[in-house]
Amino acid sequence: MRTTFKIIAAAAAALTSTIGMAADEKQSFVHEGSTYVYTTTQDAGRQVIDGRRYPSGQKFHLIVRGNRVSGVSGGVPVTFKTAEATGAAGGIASVTR
């Protein structure tokens, strides 16, 4: 579970840095051997992040509200502060924008 949290936190750190980018533009990054492909949209002042982690194909759906991130990744509910995600972003390599 701890590893899952670290991966999701790292993903969210990369994803929350995309605020202001064009909606529905697919983006991706690599972290610990997995590739995350996702889109971001704005909904009622919240950033919504939807995507999949490959090669497993697991879906994730995250909502950023202020300094909190919540959602589901691979069927597991997740919630954490954006500050926690920021510290986990060290090993992320960007693939596309």
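Buried means under 20% relative accessible area, exposed over 50%, and partly exposed in between (1.4 Å probe, protein chains only).

This is a predicted model: local features need pLDDT of at least 70, side-chain atom pairs count only at pLDDT 80 or more, and totals for chains, interfaces and linings use all residues. Residues are numbered from 1 along each chain as its sequence is written, and side-chain values use heavy atoms, with hydrogens and water left out.

**Exercise 1.** Find the salt bridge and classify its two residues.

*Solution.*
- Step 1. Apply the rule: a side-chain nitrogen of Lys or Arg within 4 Å of a carboxyl oxygen of Asp or Glu.
- Step 2. Count: the rule gives 1 salt bridge.
- Step 3. Name the pair: Asp-43 and Arg-46 meet through their side chains, at 2.9 Å, N to O.
- Step 4. Classify Asp-43: its relative accessibility is 38%, so it is partly exposed.
- Step 5. Classify Arg-46: its relative accessibility is 23%, so it is partly exposed.

**Exercise 2.** Describe strand β5 and its pairing with β4 and β6.

*Solution.*
- Step 1. Define strands: they are DSSP runs (E, at least two residues), numbered from the N terminus.
- Step 2. Define pairing: DSSP must find at least two bridges between two strands.
- Step 3. Sort the side chains of β5 (residues 68-73): Val-69, Gly-71 and Ser-73 point to one face and are buried. Arg-68, Ser-70 and Val-72 point to the other and are not buried.
- Step 4. Take β4 (residues 58-65): it pairs with β5 in the antiparallel sense over 6 bridges. Leu-62 stands opposite Gly-71.
- Step 5. Take β6 (residues 76-81): it pairs with β5 in the antiparallel sense over 6 bridges. Phe-80 is the bridge partner of Val-69.

Methods:
Helix = DSSP H or I, 4+ residues; strand = E, 2+ residues; numbered from the N terminus.
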